[in-house]
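Here's a protein to look at together, along with a ligand. Take a moment to turn the structure around before reading on.

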Amino acid sequence: MSIRIAPSLLSADFARLGDEVRNVIAAGADLIHFDVMDNHYVPNLTVGPLVCQAIKPHATVPIDVHLMVKPVDALVPMFAQAGADIISFHPEASEHVDRTIQLIRSLGVKAGPVLNPATPLAVLDHVIDQLDLVLLMTVNPGFGGQSFIQGMLPKIARARALVDAAMQRTGRTIWLEVDGGVKRDNARAIAEAGADTLVAGSAVFTGARDVAAYQGAISAIRS
Ligand code: DX5
Ligand code: ZN
């Protein structure tokens, strides 16, 4: 199985975002991971639909919007309009998780919940057959550059089993994405545990900040 790499723009140079998006795609990014933080659900503040819309013309791969906002529903149509291809959200930030999933999918956008390190996999029980992806946090959300929580490896493996069972049952494809502290030296263990999509921020936007640097970082993670 080939692994998808989703560089997180959180570690990009925001003064040159269009260039960063084009360069990281030229370097092999499969998705653009777009972290939205509201200083309420998480203790940090980033960017909204306006910036998503601004990068859309530069993004020749899908934009993977990770909403760390509460409440979440009002922003969903705005991000769909702004060009999001995937929207993930934290169940703790939605009063009605099933409704939020339906809302995202009704707009033609792929949907999935994001599980914090301490969020049990049981949150998937009654919605998994409707999901396009499951995103597992392997750091606490809010900041780039944190260390991968080792205890998440068995959780990834258990999520893999749930996702496989759901895919068999429904015939649909569900991605299992991992976000937080992904580096070249732990990517193998994360993929072996069952992740098929890896978000990486600080491990990709590094070095000389050009296509060659990003290519080196992405191919090191991929291999
Ligand atoms: C954290 C964000 C991540 C973050 C990952 O709340 O959701 O996407 O940017 O950054 P690294 O790869 O540096 O841990
Ligand atoms: Zn993220």
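Does G144 count as buried or exposed? Let's count its neighbours: G144 has 20 C-beta neighbours inside 10 Å. The cut-off for being buried is 20 or more, so G144 counts as buried. You'll find G144 in the loop between β6 (133–137) and α5 (152–170).

Before going further, keep in mind that this is a predicted model. The mean pLDDT of the protein chain is 98, and 100% of its residues reach 70 or more. The model also scores ipTM 0.98 and pTM 0.98.

**The sheet**

Now look for the strands. Eight of them make an open sheet with parallel pairing, in the order β1-β8-β7-β6-β5-β4-β3-β2. β1 (4–7) and β2 have just a single partner strand each because they stand at the edges, so one side of each has no neighbour in the sheet. On average, neighbouring strands here are turned by 25° against each other, ignoring direction.

Want to zoom in on one pair? Strand β4 (residues 86–89) and strand β5 (residues 110–115) run parallel and are joined by four bridges. Within this pair, S88 has G112 in β5 as its bridge partner.

**Around the ligand**

Ligand 1 has 21 residues around it, and S8, L10, G144, G201 and S202 come nearest. So we meet G144 again here. Sorted by class, the shell around ligand 1 holds seven nonpolar, twelve polar and two charged residues. Two strands, β2 (32–37) and β8 (197–200), each supply at least two residues of that shell.

The UniProt record, an unreviewed entry, has a "binding site" annotation, and the residues it covers include S8, H66, G144, D179, G201 and S202.

**Some backbone oddities**

Two residues that aren't glycines have a positive phi. Here they are side by side:

| Residue | Phi | Loop | C-beta neighbours |
|---|---|---|---|
| N39 | about 55° | between β2 and α2 (49–55) | 12 inside 10 Å |
| R209 | about 55° | between β8 and α7 (211–222) | 17 within 10 Å |

What do those neighbour counts tell us about N39 and R209? N39 counts as exposed, because its count is 12 and the cut-off for exposed is 12 or fewer. R209, with 17 other C-beta atoms within 10 Å, is partly exposed.

One more spot to check: which residues are joined by a cis peptide bond? They are K70 and P71, with omega about 0°. P71 is found in the loop between β3 (63–68) and α3 (75–81).

Notes. Residues are numbered from 1 along each chain as its sequence is written. Chains are lettered from A and ligands numbered from 1 in the order in which they are written. This is a predicted model: local features need pLDDT of at least 70, side-chain atom pairs count only at pLDDT 80 or more; totals for chains, interfaces and linings use all residues. A residue is near a molecule or strand if its C-beta atom, placed from the backbone, lies within 6 Å of it. Ala, Val, Leu, Ile, Met, Phe, Trp, Tyr, Cys and Pro count as nonpolar, Asp, Glu, Lys and Arg as charged, and the others, Gly among them, as polar. pLDDT is the predictor's confidence in each residue, from 0 to 100. Two strands pair if DSSP finds at least two bridges between them. Axes are lines fitted to C-alpha atoms, for helices over the stretch in contact, and angles run from 0 to 180 degrees between N-to-C directions. UniProt positions are given in the numbering used here, feature names are shortened, and annotations may be inferred rather than shown by experiment.
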